[in-house]
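Open the model in your viewer and get ready to select residues by number. We will go stop by stop.

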Amino acid sequence: MEYFEGMDPENPGKYLRETLIGIEKHFDVVITVHDCRGLLYSKSGEHIFEDHRCHTHPFCTALRYSMPFWHTYCKRNCLFKAESLARETFRPYLHKCWKGGTELIVPGERNGSLVLLMYAGVFREAGDVPPECLPESVQKEFYALKELHREDLEQLSRVLFTFGQSVIYCSTELCRKNDHRKMSSRRHEIRRFLTENAHREITLEDLAAELCLSPSRTSHLVKMLFTVPFRDLLEDERMTRAKNMLLNSEMPLKTIAEAIGFRNEFYFSKVFRLHYGIPPGRFRRMRQTDDVEKKSRRREAAGKT
């Protein structure tokens, strides 16, 4: 039997990325994937959609970091506001950014919880004009945007919705498949419960209800299978997600804390420091410094060859 190259269910990250690139080419759009729960990572800690985590459309990147507060405005409008709207219905919708551009936003959810957001664009609608506050160079980028075609957007929304649900399934099921083979059925159930609910305020009693066992029996089972109590197991899952989000995103600590299940950033910082030995802000800065130094060494090495 002949198999298609790249479609390996044991390692879905590669063909998920290739599928996303194919969607971009087919619809002539730029797609950004926002990971709301810190789930879209490989075992090595790399983001599945490393090249699609930030808005890279020329209209979005124009003067993003050189104009005062522009990056802050973009995060506030396209990250926080867009996510807040998506939580209301979990349905695709059109979002107009503060610079006047329009994007198609498609949420992905699992068990009533927002897992990811996909942004497709940027477009402009017929008759739209850019805000007067934009410099002339950015206004030119605005008028270079193609206009919306409703039929194409409706088709794109269906494709992205289906793709998003596939991503969620692969990230929470197939990426853990090898581990599950080594687990007992109960161990698998407990891991699945944590994967799906770690961002919520869950307790041992909630896990007990899921397993149809008493809390005391559940506590004993968790310690027997994982050698640590349920609280430590939950904390470890949350801290892994926090580390990935700190290393691979610019999300504020408050947003990360809420995304992984902490009631506020101060308690999150306290737990993170106890877990890794340093505060989350310093952890992020240290990694950023390391990345800059590595890039510098690579450039120097490339210059010598």
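Select F262, Y267, F268, F272, Y276 and F283. Together they form one aromatic cluster in this predicted model. Keep F262 highlighted and add R238. The charged end of R238 sits over the ring of F262, 5.4 Å from the ring's centre.

Now think about rings more widely. How many aromatic pairs are there by the rule used here? The count comes to 12. A pair of aromatic rings is described by two things: the distance of the centres and the angle of the planes.

Pick one pair to inspect: F59 and F142. Their centres are 6.1 Å apart, and their planes make an angle of 55°. That makes the pair tilted. Next, colour the two helices that hold these rings. F59 lies in helix α2, residues 58–61. F142 lies in helix α4, residues 136–144. The two residues are 83 apart in sequence, so the pair ties together separate parts of the chain.

Switch on the surface. Are these two rings buried or exposed? F59 has 0% relative accessibility, so it counts as buried. F142 is buried too, because its relative accessible area is 0%. The cut-off for buried is under 20%.

Stay with F59 and select K99. The charged end of K99 sits over the ring of F59, 4.9 Å from the ring's centre.

Move on to C60, which is placed in helix α2. Its relative accessible area is 11%, so C60 is buried. Which residues does C60 touch, leaving aside neighbours within four places in sequence? Select H55, K99 and V122: C60 is in contact with these. Try a distance label between the C-alpha atoms of C60 and K99. It should read 8.8 Å, though the two residues are 39 apart along the chain.

Last stop: two helices. Select helix α7, residues 185–197, and helix α9, residues 215–226. Their axes come within 10 Å of each other and cross at roughly 105°. Angles from 65 to 115 degrees count as roughly perpendicular, and α7 and α9 are therefore roughly perpendicular to each other.

Now show the side chains where they meet. From α7, pick R186, R187, I190 and R191. From α9, pick L221, V222, L225 and F226. What classes of residue make up this contact? There are 5 nonpolar and 3 charged residues, with no polar ones.

How values were computed. Residues are numbered from 1 along each chain as its sequence is written. This is a predicted model: local features need pLDDT of at least 70, side-chain atom pairs count only at pLDDT 80 or more; totals for chains, interfaces and linings use all residues. Side-chain values use heavy atoms; hydrogens and water are left out. Axes are lines fitted to C-alpha atoms, for helices over the stretch in contact, and angles run from 0 to 180 degrees between N-to-C directions. Helices (H or I, at least four residues) and strands (E, at least two) are DSSP runs, numbered from the N terminus. Angles under 35 degrees count as roughly parallel, over 145 as roughly antiparallel, 65 to 115 as roughly perpendicular and the rest as oblique. Contact means heavy atoms within 4.5 Å. Ala, Val, Leu, Ile, Met, Phe, Trp, Tyr, Cys and Pro count as nonpolar, Asp, Glu, Lys and Arg as charged, and the others, Gly among them, as polar. Rings of Phe, Tyr and Trp (its six-membered ring) pair if their centres lie within 6.5 Å; planes under 30 degrees apart count as stacked, over 60 as edge-to-face and the rest as tilted. Buried means under 20% relative accessible area, exposed over 50%, partly exposed in between (1.4 Å probe, protein chains only). A charge sits over a ring if NZ of Lys or CZ of Arg is within 6 Å of the ring centre and within 35 degrees of the ring normal.
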